[in-house]
Amino acid sequence: MAERKEIIEIAGRTVTVSNPDKIYFPRTGHTKLDLVRYYLSVADGALRGVAGRPMVLKRFVHGAEGEAFFQKRAPANRPDWLDSVVLSFPSGRTAEEIVVSDAAGLAWVANLGCIDLNPHPIRADDLEHPDELRVDLDPVPGVEWPQIVSVALAAREALADFGLTGWPKTSGSRGMHVYARIERRWGFTHVRRAAVALAREIERRAPMEATSRWWKEERHGVFVDYNQNAKDRTVASAYSVRPVPDARVSAPLRWDEVAQCDPAAFTIDTMPRRYAEIGDPGEGIDATAGSLDALLELAAADEAAGMPDAPWPPHFEKQAGEQPRVQPSKQRGRPASADGTAPDVPPPAPGKTAGPTGRRRSAMPLIEIARAASKAEAMAGLERWKERHPDAAALLEPADILVDSMRGRSSTWTRIRLNLRHIPAADRPAQEPLEVDYDPWRAAGR
């Protein structure tokens, strides 16, 4: 039997939805066609976040509970009405990426399995000057929503004090995003420099709730992820459905909604009704582009006070003025730990050449548990470790379990590490062979 297809006419353009009845969200029963119809129901709002921007295609061809892969290059068999643009990346590579401009484009990428939308913070007519400063509030495990709200409000105040207007939205996962439109006068390096200064300012204003520490094992509360402003980084845009079991949505909010809102209330089912009733809370964002001058002055003042550039993502080359990619505990004149001993490089698992921090020293007692193709496999490995070490497992706090989504060549893989800081030194389990030992580069044929 031939595969069923659904033909949709959208403003004079035709989009074919292949296998429209395929279940994308097993726990809610939503299909690929439901996803397409959702994006059409909120098209004007979704386009406000993606229209005219290059977009990474993050494809979930097996649905939200399957593994995703990243497709940076535009498919060759795309319709002639769909735009594209060639981007260059820090690695020296180039890629022709899709640029969506209308509702038909939204339907077309949803048909490819793009559950969420991942645009760059630039417009296709100027690829070197971002028009968005993105504040990504990423809570460590165990942090509750009121603390995230508190940091979001601190971010709003800091942005306003430095001449920028913040526009909040739920991330659709555990955190929150605050976007600020900026004038297209600065390159990525300066925009990220401003984001570092802003993250440190938010931490100064809310030191118990927020952190700008890059190394995951040193974070507390809500991490203000300044590196989402580095070139080649993308964030799920407004109205994106997220690949989580309840088909939750990244929902734009009014500031008076932030404190009392429940992120779980915004889903593929509820957002169309909300959109029809109140419109798009982010509707005015494009009229608020501001200057980075004040934040860049703050960055210069921080540097003069002895705060160099913060660490960049690991795949970027060493940057001018960047602090060493080592723990702050290793900085000259500061003891690594309470007893003043020098930090060590955590040992690798048996048979591996790199350990929990690579070649980086750390004052934290870290061990690595799993490197897996999927998060489910990694978490299953963690459970096996807990069964062998129940006494140690009982002393772990949520923030001590470090689950990292790592980028491979075209897909993500999952690493799990444990910070044993809350376990007495004499009782800490040693580094053992990995519970799951996945090599993404060997799997990719390198």
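**Helix α4, the cores and the five-stranded sheet**

Q: Which residues of helix α4 are buried in this predicted model?
A: The model is predicted. Buried here means under 20% relative accessible area. In α4 the residues that meet this are Trp 145, Ile 148, Val 149, Val 151, Ala 152, Ala 154, Ala 155, Ala 158 and Leu 159.

Q: How many residues does α4 give to the largest nonpolar core?
A: The largest nonpolar core has 96 residues. Leu 133, Ile 202, Val 241 and Leu 292 have the most contacts inside it. α4 gives the most to this core, and its share is nine residues.

Q: How many residues are in the second, separate core?
A: This core is separate from the one above. Its members include Ile 369, Leu 382, Trp 385 and Leu 420. Its size is 16 residues.

Q: What span should the 17 residues of helix α4 have, at 1.5 Å a residue?
A: α4 covers residues 145–161. The expected span is 1.5 Å times one less than the number of residues. The end C-alpha atoms agree with the expected value, which is 24 Å.

Q: Which residue with a positive phi follows α4?
A: The phi in question is near 85°. The residue that follows α4 with this value is Gly 163.

Q: Which strands stand at the edges of the five-stranded sheet?
A: The sheet is open, with mixed pairing and the order β11-β12-β10-β14-β13. An edge strand here has a single partner, so one of its sides is left without a neighbour in the sheet. The two strands in that position are β11 (167–170) and β13 (210–211).

Q: Which residue in β12 is the bridge partner of Asp 136?
A: Strands β10 (residues 132–139) and β12 (residues 176–181) run antiparallel. Six bridges join them. In β12, the partner of Asp 136 is His 177.

Q: At what angle does helix α5 run to β10?
A: α5 spans residues 188–205. This helix lies across β10, β13 and β14 (222–224). Its angle to β10 is about 45°.

Q: Are the rings of Tyr 38 and Tyr 39 stacked or edge-to-face?
A: A search of the whole structure finds five aromatic pairs. In the pair of Tyr 38 and Tyr 39, the ring centres are 5.1 Å apart and the planes stand at 65°. Planes over 60 degrees apart fall in one class. The pair is therefore edge-to-face.

Q: Is Tyr 39 buried or exposed?
A: Its partner Tyr 38 has 2% relative accessibility and counts as buried. Tyr 39 has 0%. Tyr 39 therefore counts as buried.

Conventions:
Residues numbered from 1 in each chain as written. Predicted model: local features only at pLDDT ≥ 70, side-chain atom pairs only at ≥ 80, totals over all residues. Heavy atoms only, no water. Helix = DSSP H or I, 4+ residues; strand = E, 2+ residues; numbered from the N terminus. Buried < 20%, exposed > 50% of the residue type's maximum accessible area, 1.4 Å probe, protein only. Core = buried A, V, L, I, M, F, W, Y, C linked by side-chain atoms within 4.5 Å. Pairing = 2+ DSSP bridges. Contact = heavy atoms within 4.5 Å. Axes fitted to C-alpha atoms, helices over the stretch in contact; angles between N-to-C directions. Phe/Tyr/Trp six-rings, centres within 6.5 Å; stacked < 30°, edge-to-face > 60°.
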